[in-house]
Amino acid sequence: EVGNIVQPSTAAENVQLAIGQSTLQSSPIQVARYIAAIGNGGTLYKPSLIERIVPVDGSNAIYNFTPTPNGTLPVTEENLMAIQRGMVDVVADADGTAIDVTRTMRINIAGKTGTAENPLGDSHAWFGGYTWLNDPNRPDIAIAVVLENAGEGSMMAAPLFRRAVELYFNDYNISGYLMPWEDRPYHQVQPEETTD
């Protein structure tokens, strides 16, 4: 689906669009794509879902897909750096909206929280972010998390982003941050029984 960004007619509308509010409409893959472009310096890549094809026995890949650039972000280098700094502040600054979830991470990340209003129920929780370790053995990643009707992005979607990043950079051996709905990793909190 094509997203929707209506040209703002007032300064207030411009500010709302800049933080992902108002009439902005985008899909998770669109968000992941432009967040990756923010992280990599401005290059937009064609989305792909497959990195490589390997035989069932796990031997060497028989085909590796290569990223296909197909555009650049229409921003100046100065504005791109300001956006990157703002996204780092979201996860690293004492006033950042995701700092409660990310303050103890040892991986360089940047992100944007979001809470999409939903006229039919609870808000949708969003978090989009990227890593910037520049490790030649482990490519940096961009992730968009959307949890329908889950509430605040900083409280619900950011923890899932953190877990995905920590699993990826720790060879899937660390469970990562405890989710708000867990009492221990991968174990959902059970509702308390009530007696009448």
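N134 is found in the loop between β6 (124-131) and β7 (142-147). The model in which this residue sits is predicted. N134 has a positive phi of about 55°, although the residue is not a glycine. With a relative accessibility of 65%, above the 50% cut-off, N134 counts as exposed.

**Backbone positions with positive phi**

A second asparagine, N149, is placed in the loop between β7 and α5. Phi of N149 is near 55°, again a positive value in a residue other than glycine. The relative accessible area of N149 is 36%, so this residue is classed as partly exposed. A further positive phi, of about 50°, is taken by D171 just after α5. The two asparagines are set out below.

| Residue | Location | Relative accessible area |
|---|---|---|
| N134 | loop between β6 and β7 | 65%, exposed |
| N149 | loop between β7 and α5 | 36%, partly exposed |

**Confidence**

The protein chain has a mean pLDDT of 90, and 97% of its residues reach 70 or more. Among the elements of the chain, helix α3 (residues 77-92) has the highest mean pLDDT, 97. The lowest mean, 84, belongs to strand β8 (residues 182-184).

**Strand pairing**

Strands β5 and β6 run antiparallel and are joined by eight bridges. One of the residue pairs involved is A116 with H124, the latter in β6. On pairing with β7, strand β6 is again antiparallel, here over six bridges. In this second pairing, A125 has L147 of β7 as its bridge partner. Seven of the eight residues of β6 are buried, so this strand is largely enclosed by the rest of the structure.

T115 lies in strand β5 (residues 109-116). Its side chain forms a polar contact of 3.3 Å with the side chain of E152. Beyond residues up to four places away in sequence, T115 touches Q21, S123, H124, G151, E152 and G153. H124 in this list is also the β6 bridge partner of A116.

**Helix α5 and the nonpolar cores**

Helix α5 comprises 17 residues (153-169). At 1.5 Å a residue, this helix should span 24 Å, and its end C-alpha atoms are 23 Å apart, which agrees with the expected value. Of the 17 residues of α5, 14 are buried, so the helix is largely enclosed by the rest of the structure.

In soluble globular proteins, nonpolar side chains tend to be buried together. The largest nonpolar core of this model has 19 residues, and those with the most contacts inside it are I109, F127, F161 and V165. At least two residues of this core are supplied by each of α3, β6, β7 and α5. Helix α5 provides the largest share, seven residues. Apart from this core lies another, of 12 residues, including I38, L80, A110 and W126.

The surroundings of V165 can be listed individually. Leaving aside neighbours within four places in sequence, V165 is in contact with M105, I107, I109, T131, I141 and I143. One of these partners, I109, is itself among the residues with the most contacts inside the largest core.

Notes:
Residues are numbered from 1 along each chain as its sequence is written. This is a predicted model: local features need pLDDT of at least 70, side-chain atom pairs count only at pLDDT 80 or more; totals for chains, interfaces and linings use all residues. Side-chain values use heavy atoms; hydrogens and water are left out. pLDDT is the predictor's confidence in each residue, from 0 to 100. Helices (H or I, at least four residues) and strands (E, at least two) are DSSP runs, numbered from the N terminus. The expected span of a helix is 1.5 Å times one less than its number of residues. Buried means under 20% relative accessible area, exposed over 50%, partly exposed in between (1.4 Å probe, protein chains only). A polar contact is a pair of N or O atoms within 3.5 Å; within protein, one must be able to donate a hydrogen and the other to accept it, and residues adjacent in sequence count only if both atoms are side-chain atoms. Contact means heavy atoms within 4.5 Å. A nonpolar core is a set of buried Ala, Val, Leu, Ile, Met, Phe, Trp, Tyr and Cys residues joined through side-chain atoms within 4.5 Å. Two strands pair if DSSP finds at least two bridges between them.
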